[in-house]
Amino acid sequence: MSVPAKRRSRSKVRRARANKHIKPSTLFPCPECKTPKMPHIACQNCGKYKGKEVINTAKKVQKKLAHKHH
Ligand SMILES: [Zn+2]
């Protein structure tokens, strides 16, 4: 195990941490709609994961349309 040779200054640590969470490290294109998405998480665009629809995106749209007709 190695020990850091020099202590990082407070500003350098904060700057590094500020940029750390901006974007996820790995994004894979969705097999359905090719939108970049996090692996092992259902696609936010089409709501599908491993070919199955996990998030009911279509039902939400239908509800919205039904409200407009009233
Ligand atoms: Zn998708």
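**Group meeting: a 70-residue chain and four of its loop residues**

Okay, let me start with a lysine. K34 counts as exposed because there are just 11 C-beta neighbours inside 10 Å of it, and the cut-off for exposed is 12 or fewer. Keep in mind that this is a predicted model.

Where does K34 sit? In the loop that links β1, residues 28–29, to β2, residues 36–37. For the backbone people here, the phi of K34 is near 65°, so a positive value, and this is not a glycine. Why bring that up? Most residues other than glycine have a negative phi.

There's a second one like that. H40 also has a phi near 65°, again positive and again in a residue other than glycine. You'll find H40 in the loop between β2 and β3, with β3 being residues 48–49. Is H40 buried or exposed? Exposed, because the count for H40 is 8 C-beta neighbours inside 10 Å.

Let me zoom out for a moment. The protein chain has 2 helices and 4 strands, and along the sequence they run α-β-β-β-β-α. How much of the chain is buried? Of the 70 residues, 3% count as buried. And the contact picture: take the contacts with a separation of 6 or more, and residues 24 or more positions apart account for 0% of them.

Now, contacts over a shorter stretch of sequence. L27 is in the loop between α1 and β1. L27 and K37 are 10 residues apart along the chain, and their C-alpha atoms are separated by 5.2 Å. Setting aside residues up to four places away in sequence, L27 touches P36, K37 and M38. Even so, this leucine is exposed: it has 12 other C-beta atoms within 10 Å, and 12 still falls under the exposed cut-off of 12 or fewer.

Next, a cysteine. C33 belongs to the β1–β2 loop. Which residues does C33 contact, once neighbours within four places in sequence are left out? C43, N45 and C46. Take C33 and C43: they are 10 residues apart in sequence, and C-alpha to C-alpha they are 8.8 Å apart in space. C33 is exposed too, with 12 other C-beta atoms within 10 Å.

Last bit, confidence. The mean pLDDT of the chain is 82, and 83% of the residues reach 70 or more. Which element has the lowest confidence, and which the highest? Helix α2, residues 57–69, is lowest at a mean of 65, while helix α1, residues 10–20, is highest at 90.

To recap the loops: K34 and H40 each have a positive phi, L27 touches P36, K37 and M38, and C33 is in contact with C43, N45 and C46. That's it from me.

Key
Residues numbered from 1 in each chain as written. Predicted model: local features only at pLDDT ≥ 70, side-chain atom pairs only at ≥ 80, totals over all residues. Buried ≥ 20, exposed ≤ 12 C-beta atoms within 10 Å, placed from the backbone. Contact = placed C-beta atoms within 7 Å. pLDDT = per-residue confidence, 0-100.
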